[in-house]
Amino acid sequence: MASWNSIPLELTYEVLGWIAFASWSISFYPQVILNFRRKSVVGLNFDFVVLNLTKHSSYLIYNATLYFSSAVQKQYLEKYGYGEMIPVAANDVAFSAHAVLLTAVTLFQIAIYERGPQKVSKISMAIVSAVWLGAGVCVFIALPNHSWLWLISVFNSIQVFMTLIKYIPQAIMNFTRKSTDGFSIGNILLDFTGGIANYLQMAVQSIDQNSWVNFYGNIGKTLLSLISIFFDLLFMCQHYLLYPKKRALIPLISSKDGKEPLIKPSSSDQPKPENVDHPQLENWVVRKTEQNQMASWNSIPLEITYRVFGWIAFFCWAVGGYPQVILNFRRKSVVGLNFDFVVLNLTKHSSYLIYNATLYFSSTVQNQYLEKYGFQQMIPVALNDVIFSAHAVLLTIVGLFQIAIYERGAQRVSKISIAIVGAAWFMAGALMNFMRKSTTGFSIGGILFDFSGGVTNFSQMAVQSIDQGSWVNLYGNVGKTMISLISIFFDLIFMAQHYLLYSSNRALIPPPKSSKEVEPLVKSSSDHLENV
């Protein structure tokens, strides 16, 4: 089986895959939360959920089998060539397993919450029954010749078919009601992000392998992305363009008995809703609170976008620390990594953790912030900021531990860095690369993740500013603003050094061997002069 030709492309592939996983997985929660808050599933099409369960179940069978079964992988390589890679990643398996679970939770909500006169149509039940009956027949056909690749391809085709038709009932329902009320647009925004990231992930693999086999070798994943993107654009058009003023204007229609059978006998037997007064659905727009109370979100979609950006930034920045740790572990050496960079980084992340944790958890500090910037503002620190900085402190300590135990050549932490801890932590690494005319030993994967985290972190703050109609949070939390901009600036320098300036010098400079196995990390001023 083929392997990756480019480490940066491999890292990009993994990042895009897990962004797709995060977006698609989180996309289930807005609808589940909306149902829970309203204690109602009116506005959610039941056929959509039933078809979705079949779709994700069949996709899980395909992904898990092709990912874990060596027999099926062998059949795949025999068909498409041993120079190809298996087109299923770990994020595909994790996503489909999570999707089955969350769809089952939604079905449970349909069973227990207020649902009005709606029931699962006989057409949907017939489609689901026919699909699983056909799948059972295919199992017996594949059994004699052990045609497992063909069999899971059938399940892959099932998920494509179900993806194609599952959106149609909800789109028609929105069109008939002239409203998207009760259907979470947050789900669609995340689904759209996942579709884009999933398609880009496949493109990255194709670019690395210089082959487009994985697009038709896993045609289900390709069509899943394209169909999702198409219908997501349709739903966004309905929500924001066609029916923007119809939200929260359609009342809940309560059934007389509260609960009715989910399967309806026929469309002609369906009872007509009576024209009686009913309480309206909860308004999507969250109103500003009274004076002397902290502001809340005005737009649910913007709030969801804010949180998605935040967790993408957390993911990119958190994962960004691992390529360097893994590189050190594999080489059993830290030659090429600037120790001043690590020491300064520890102080930077520690101070950022103190700031984030205090402002996020302390009501006293929050009150002082609001008194300074106004009670119409929101606290500019999110949970992802606290978790990221805590994780960063831990991983930087791991990096320091590696410096202490691995081969490090003649390098030590300079007294200058010890004295100026908290200053421009990126400068040491960039200066070292410039002097060595090489980036060997310094992981570019961490920089790529760091750059993605910086962009999404700044985008998260911009989303909050757009929602509030105020840019206070950008200077109210100037530390978060500057960490994004400075990170982006230096990441661009590192990428220019790695890919443009010193691309031909990588892996040409041998790690210098020290005369002693272990030397003191902090060098004295006299030692420094001798080395000079």
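**Exercise 1. Find which residues of helix 12 meet which residues of helix 15, and sort the contact by class.**

Step 1. Y322, V325, N328 and F329 in helix 12 meet H391, L395, V398 and Q402 in helix 15. Contact means heavy atoms within 4.5 Å. Helices here are DSSP runs (H or I, at least four residues), numbered from the N terminus.

Step 2. The residues of this contact divide into five nonpolar, three polar and no charged. Nonpolar covers Ala, Val, Leu, Ile, Met, Phe, Trp, Tyr, Cys and Pro; charged covers Asp, Glu, Lys and Arg; the others, Gly among them, count as polar.

A note on the model: it is predicted, local features need pLDDT of at least 70, side-chain atom pairs count only at pLDDT 80 or more, and totals for chains, interfaces and linings use all residues. Residues are numbered from 1 along each chain as its sequence is written, and side-chain values use heavy atoms, with hydrogens and water left out.

**Exercise 2. Describe how helix 12 and helix 15 are arranged.**

Step 1. Two packed helices are described by the angle between their axes and the distance between the axes. Axes are lines fitted to C-alpha atoms, for helices over the stretch in contact, and angles run from 0 to 180 degrees between N-to-C directions.

Step 2. The axes of helix 12 (residues 322-331) and helix 15 (residues 383-405) come within 10 Å and cross at roughly 20°.

Step 3. Angles under 35 degrees count as roughly parallel, and those over 145 as roughly antiparallel. Helix 12 and helix 15 are therefore roughly parallel to each other.

Step 4. Their crossing is left-handed: the near helix is turned anticlockwise from the far one by less than a right angle.

**Exercise 3. Do the same for helix 1 and helix 8.**

Step 1. Helix 1 and helix 8 have axes 8 Å apart and pack at an angle of about 160°.

Step 2. The pair is therefore roughly antiparallel.

Step 3. The crossing of helix 1 and helix 8 is left-handed. This contact has 12 nonpolar, nine polar and two charged residues.

**Exercise 4. List the buried residues of helix 2 and name elements that cover them.**

Step 1. Buried means under 20% relative accessible area (1.4 Å probe, protein chains only).

Step 2. In helix 2 (residues 28-38), the buried residues are F28, P30, Q31, V32, L34, N35 and R38.

Step 3. Their cover includes helix 1, helix 3, helix 5, helix 8 and helix 11.

Step 4. K39 follows helix 2 and has a positive phi, near 55°.

**Exercise 5. Place these helices in the whole chain.**

Step 1. The chain has 21 helices and zero strands.

Step 2. Of its 532 residues, 52% are buried.

Notes: Helices (H or I, at least four residues) and strands (E, at least two) are DSSP runs, numbered from the N terminus. Angles under 35 degrees count as roughly parallel, over 145 as roughly antiparallel, 65 to 115 as roughly perpendicular and the rest as oblique. Buried means under 20% relative accessible area, exposed over 50%, partly exposed in between (1.4 Å probe, protein chains only).
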